[in-house]
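Thank you all for coming. Today I would like to talk through how the chains of one model meet each other, taking the two interfaces in turn.

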Protein chains: 4
Amino acid sequence: MNSVSSSSLDYRRASRHFQRENTVIETRGIVIGGDKIVVMAGPCSVESSCQINELALFIKSTKASVLRGGAFKPRSSPYSFRGLGEEGLKMLAQAREMTGLPIVTEVMSPDQVPLVAAYSDILQIGARNMQNFPLLCAVGATQKIVLLKRGMGNTIKELLMAAEYILDAGNTQVMLCERGIRTFETMTRHTFDINAIPVLKDLTHLPVIADPSHAIGNAQYVSSIARAAIAAGADGILVEVHMNPSMALSDGDQSLAPEAFCLLMRDVEKIAHAIDRPL
Amino acid sequence: MNSVSSSSLDYRRASRHFQRENTVIETRGIVIGGDKIVVMAGPCSVESSCQINELALFIKSTKASVLRGGAFKPRSSPYSFRGLGEEGLKMLAQAREMTGLPIVTEVMSPDQVPLVAAYSDILQIGARNMQNFPLLCAVGATQKIVLLKRGMGNTIKELLMAAEYILDAGNTQVMLCERGIRTFETMTRHTFDINAIPVLKDLTHLPVIADPSHAIGNAQYVSSIARAAIAAGADGILVEVHMNPSMALSDGDQSLAPEAFCLLMRDVEKIAHAIDRPL
Amino acid sequence: MNSVSSSSLDYRRASRHFQRENTVIETRGIVIGGDKIVVMAGPCSVESSCQINELALFIKSTKASVLRGGAFKPRSSPYSFRGLGEEGLKMLAQAREMTGLPIVTEVMSPDQVPLVAAYSDILQIGARNMQNFPLLCAVGATQKIVLLKRGMGNTIKELLMAAEYILDAGNTQVMLCERGIRTFETMTRHTFDINAIPVLKDLTHLPVIADPSHAIGNAQYVSSIARAAIAAGADGILVEVHMNPSMALSDGDQSLAPEAFCLLMRDVEKIAHAIDRPL
Amino acid sequence: MNSVSSSSLDYRRASRHFQRENTVIETRGIVIGGDKIVVMAGPCSVESSCQINELALFIKSTKASVLRGGAFKPRSSPYSFRGLGEEGLKMLAQAREMTGLPIVTEVMSPDQVPLVAAYSDILQIGARNMQNFPLLCAVGATQKIVLLKRGMGNTIKELLMAAEYILDAGNTQVMLCERGIRTFETMTRHTFDINAIPVLKDLTHLPVIADPSHAIGNAQYVSSIARAAIAAGADGILVEVHMNPSMALSDGDQSLAPEAFCLLMRDVEKIAHAIDRPL
């Protein structure tokens, strides 16, 4: 059956009809989906203990409040760096211990869920797994917070139905993430679907996060898209930061160096204040 | 030849290499492309003298500074309302006389250029005509300001090359307008390409305007996209407003009623101030 | 108004409800839209009298029956070769005189219509002008055969409504041409929408032609797409051929050399015979 | 890293440079990737023992040679029918016993692989799982034949890299399947990328199968796309058939009734013969 023709009953638990008030999620004192804008930042991949610690301390010194970093990496090519696995998770946990920052990291298959859940505060479902239904069911069976990214070829409605799998399995702590869709435009990596922000905020009570880094794929434009997402109503942003982007093992082109990230934080804060949302 | 593979020489006059400073355009005391954010507002179609006058007076009472309105309407179906033609132009001119607001209106073919240029302050090239090269040459041969809209199936680079046609013909007063592209997403009319705003501001010195109304196609979401566009760096917005959207002869779904437009102006102004740009 | 939501009344004259039987078009003894498959072939651009004559004689020696060639060329960049204009039309007419092949060539603006109509047997509306409504009205006001190409960002329904403009203006001799749409796939120039062939043959009585050359953009794959289009039910194909593709002033990558074109004709003929349609 | 910019080394084992000759796959006497065109047919979902047996006997009576049917169903909505699971696999195995037809059925997660492999001859990786890398590795670790479907938002190159994961894990028996991509066109369910057929046949030695049913989503057009795919060079087709499509638990709109399937087989055979490939 064509999903477009399915009724809105397909995402009943995710819908505003089911729950009028915003879902508010809390982890280690950080509140997501409330008035405050949340900034999650960190490297694409955890590369070493040294790298993630240095970066975590830097992130901690800013108003960002969640540390992101990949230990299990979905890569289009089997010959690309696929992450450090459990070693990476341990490094993330150590960085958390040092800084108090909660961590978000990706889980790629149902059998990885217990392992990743043991180390992470927030389980990320990546864009390529948005319709990996056994994985959605597996994270739905935990009580861990889930960050669900929109697939690059998936509609807004499909994103809501993917969230519904998790909610239907009993886990209510889900946030959605717009990270760009595939279009004919080739000058940018993807096309950030800014329309999805107000549409999602209207249709669902779940928090909506924006990932400008993957959406545009070029560090110099990330801040503009971050500002736009907040202005459009997003509850937070997810940003790739690296102490030395040109040396990053993955996604270096779109990663911000510390100085550029500080400028982004300053500019995002101005926009957040303009709409009465603290950072 | 595939346009994607063409060199950047294809839009040399439009590029920042050709001219480092922003192009600033002035009409009837309104400056476009400077620090100030410009708001152009009005109905999709001019429907009657009464309608456009009432609306022009309303627009004049806000901080919007340019009146938009279609007299020649490109419509997908031959059986839709195609506009009032020269009568509509006369009504626009009358509304300008009454309010002092400069007017922007669409021109659809080379032979219409002298007529539309005689009444209008800014010639609009619509999305469907972005690659109507004889029309680009015809407006390029005038000294009228041109608002060039991106085609819904056209790339950022093709937009720059279309502008180049006008510049190459001798007319330097061109502004570009992002108004949404065609993607697989069906919940919104088009997908507003927010990425295009910082990319265009980087590549070209020409002013960049955003049209949130056509891009999302639903009045309740227009303000979010307008705010996002300004936050991302646009120099202005083009918004459809109607005293009574449910009675509009075209584009009623996406037209704002006066009250909603006032709220949009208030919210856009907050964002503009946050980035030190007055309205 | 969103065109997708418009009723089928928007293309009433083009629809099978209006006319059950196929529209059959005839020019200089060549029948289009009947049982026979029509092959239109020639260079992207007319480059010289010598070039077009040599090619016309070659085309004449095959089972292709219409000569194509561009005299007015819509080019994304103003700095690309834009065609020979009226000189090119004269060369085409001369080639027709020599070979008896009817000619199809593009017209780009309403004021060019009388000129192009004076030389050409079939007026081509290019993809970028599919929604150039004054142009559609202008060719609709003639009694010339029209080949209407689908825009690269336009839907099947919009193609039918564009045809309706011509039919509504009084000209019933219209054929439609699928030539590829814009998608996220970058390995080919466009994506040939093969689905459009059976859908159009179902919805409309107008002949449906396929242009595999623009759709895939690479000479080595053109024959496969030509065969597919005929197998799917197209009434003919439009193919770019050049005596020396590497020297072509435009579209060399996708133009077939004579030998490759002969192989294409042989293969297309086999497919045509398999579905009981002579070439 | 943007996959588009990655070198062709990313699919070295899948490429023609690695292996010039076509990969030929054999199961229960059926050869895939040779001269003969293979037709795989059956219902979207296995619904009951009775249903699949009746259909298998019907399929056996035609020139189709592989039975398809879903036991584990990826569905966009959690409230849609998700398949009979292992019961469905048992029914498929029983139908195979009765008819001798090898079976192809979908596997959705790494932990399901042993179970599905125990019953099935060919493991299908569905479009939504094309970049489910742990699943690709899991099927790569078996010696089962794999049918890998292209994701609706994935490029041709990404399909080749997904196949590379399987090949790199040690399983050489992989065939690729084009089943339509997401585009702006709304009149059909997806857009069948006919261009992908000759491009894949050129770049890789792996067999290429076409799924016209999902690609167009409307039973009346399936045969046209099947013919086109064979004419363009596909090695086989995968078609949804149901004894009573209006009663199907999933994908009824695009499923062919027996009579329509017989007509499709007759027409596909004509095209196959025209290009010297037996059915």
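Chain B and chain A bury about 3200 Å² between them, with 68% of that on carbon and sulfur atoms, where buried area is the accessible area (1.4 Å probe) that two parts lose on being put together, summed over both. On the chain B side, B:Phe184, B:Met187 and B:Asn195 lose the most area to chain A, together 20% of what that side buries. I should say early that this is a predicted model, in which local features need pLDDT of at least 70 and side-chain atom pairs count only at pLDDT 80 or more, while totals for chains, interfaces and linings use all residues. Side-chain values use heavy atoms, without hydrogens and water, residues are numbered from 1 along each chain as its sequence is written, and chains are lettered from A and ligands numbered from 1 in the order in which they are written.

In this interface 43 residues of chain B are in contact with 43 residues of chain A, contact meaning heavy atoms within 4.5 Å. There are two salt bridges between chain B and chain A, a salt bridge being a side-chain nitrogen of Lys or Arg within 4 Å of a carboxyl oxygen of Asp or Glu, and B:Glu185 meets A:Arg150 in such a bridge, at 2.8 Å from N to O.

What, then, is the area buried between chain C and chain B? That area is about 3200 Å², of which carbon and sulfur atoms give 49%, and the contact takes 39 residues from each of chain C and chain B. Here too the count is two salt bridges, and the side chains of B:Arg182 and C:Glu158 form a salt bridge at 2.6 Å, N to O.
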